[in-house]
Amino acid sequence: MANLPMRETHRVQMIFRVFIHVILRMSVAMLRLLINKVSLAIVGALIVVGAIVAAMSMAPPPKSIPGEVAQYSMEELTVQFATAPMPLSMPLLHVSSYDIQWTSVGTGESWTTQGEITISGVTEGTEAVSYTVKGLDPDRVYRFRTRGRNLLGAGPWSDWFPSNGLVPGPGPTPVPEPTATPTPVPTPQTETNTVYFNTDQRPTVGQEITAQLSLSEDAYSNLSDWQWQSSETALSAWQDINQIAAEDTAVYTPADTDVGKFLRVYVTYTDSNGILKRGLSPTIGPVQDALD
């Protein structure tokens with residue numbers, strides 16, 4: 001360039017400056033475009049992460065883990081279970097309370113009709129929650145389930161877990177006591193010619209009447225008390241006379257209330273063949289007043 005004229009030298013330098021300026025401007029523009037794209041990618045990634053975090057925080061707690069049951073007494077059980085693990089410490093995601101339900105096994109009762117309690121005040125540092133259920137029936141086995149709650153609602157119930165039989169269950173089915181079958185009382189056969197009276201006279205108020213069994217003593221056994229009866233017609237509606245103030249009920253003294261009524265008496269016994277029989281007297285009467 002030393003041999004070029006001065007004018008040409010200036011012209012070449014100007015063209016070179018313009019070329020360098022254009023290259024620099026294009027480089028700056030491309031660099032700005034690249035920075036904008038990277039920024040958009042970063043912003044997009046942040047938006048996606050934020051959406052995921054927001055979606056996680058805008059949901060009820062996850063399904064609770066089944067707990068354990070410890071016996072406190074014959075009527076009390078303590079239910080203990082771990083709190084739900086939280087991936088992020090966010091106010092909306094944090095479990096603030098737990099629901100516990102219980103029901104007895106084999107009764108057909110629903111969960112809510114048996115028992116339900118909400119435990120509040122669960123903090124972020126709480127590792128386990130326990131609650132003592134009181135007033136249980138010692139003859140039943142119970143099952144429990146739990147679920148967590150946050151500001152957005154309740155999560156799903158845990159799988160139910162039993163009391164492990166720590167409170168005694170129903171046990172073996174008791175064998176019912178056999179019902180005693182009453183021995184049927186045989187109906188005695190009626191014999192009409194085995195009882196007679198000591199008189200053929202018409203019965204009178206105040207005068208004793210004695211009934212006797214016509215059989216010999218070796219022809220019967222198990223002789224019962226004598227039962228006297230009265231009737232207005234001597235045909236039907238016989239009624240027992242139960243107020244007999246006598247040691248030997250084979251003897252009866254007609255009273256004023258018997259006037260006009262007919263009398264008879266019967267006694268049960270076992271004959272020599274072991275057959276239960278009822279000896280029935282003939283009918284006498286009507287009873288007359290002592291003044292007649």
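**Exercise 1. Find the ring that has R145 over its face, and give the distance from the ring centre.**

Solution. Start with the rule: a charge sits over a ring if NZ of Lys or CZ of Arg is within 6 Å of the ring centre and within 35 degrees of the ring normal. The ring you're after is W157, and R145 lies over its face at 4.6 Å from the ring centre. Now try Y266: the charged end of R278 sits over this ring, 4.7 Å from its centre.

Before going on, a word on the ground rules: this is a predicted model, where local features need pLDDT of at least 70 and side-chain atom pairs count only at pLDDT 80 or more, while totals for chains, interfaces and linings use all residues. Residues are numbered from 1 along each chain as its sequence is written, and side-chain values use heavy atoms, with hydrogens and water left out.

**Exercise 2. Work out which partners D99 has in salt bridges, and where they sit.**

Solution. Step one is the cut-off: a salt bridge is a side-chain nitrogen of Lys or Arg within 4 Å of a carboxyl oxygen of Asp or Glu. By this rule you get four salt bridges.

Step two, pick out D99. One of its partners is R147, with the closest N and O atoms 2.9 Å apart. Since D99 lies in strand 3 and R147 in strand 6, the pair ties together parts that are 48 residues apart in sequence. (Strands here are DSSP runs of E, at least two residues long, numbered from the N terminus; helices are runs of H or I, at least four.)

Step three, look at R149, which also forms a salt bridge with D99, the closest N and O atoms being 2.6 Å apart. This pair too links distant parts of the chain, R149 in strand 6 and D99 in strand 3, 50 residues apart.

Step four, check accessibility, where buried means under 20% relative accessible area, exposed over 50% and partly exposed in between (1.4 Å probe, protein chains only). D99 is buried at 1%, R147 is buried at 16%, and R149 comes out as partly exposed at 29%.

**Exercise 3. Describe the salt bridge between K277 and D271, then say which residues shared partners join into one network.**

Solution. K277 and D271 have their closest N and O atoms 3.1 Å apart. Relative accessibility is 16% for K277, so that residue counts as buried; D271 is buried too, at 10%. As for the network, salt bridges that share partners join D99, R147 and R149.

**Exercise 4. Count the aromatic pairs, and classify the one between W102 and F144.**

Solution. Rings of Phe, Tyr and Trp (its six-membered ring) pair if their centres lie within 6.5 Å; planes under 30 degrees apart are stacked, over 60 edge-to-face, and the rest tilted. Searching the whole structure gives five aromatic pairs. W102 and F144 are 6.4 Å apart centre to centre with 45° between the planes, which makes the pair tilted. W102 belongs to strand 3 (residues 97-104) and F144 to strand 6 (residues 142-150), 42 residues apart. Both W102 and F144 are buried, and with Y131 they form one aromatic cluster.
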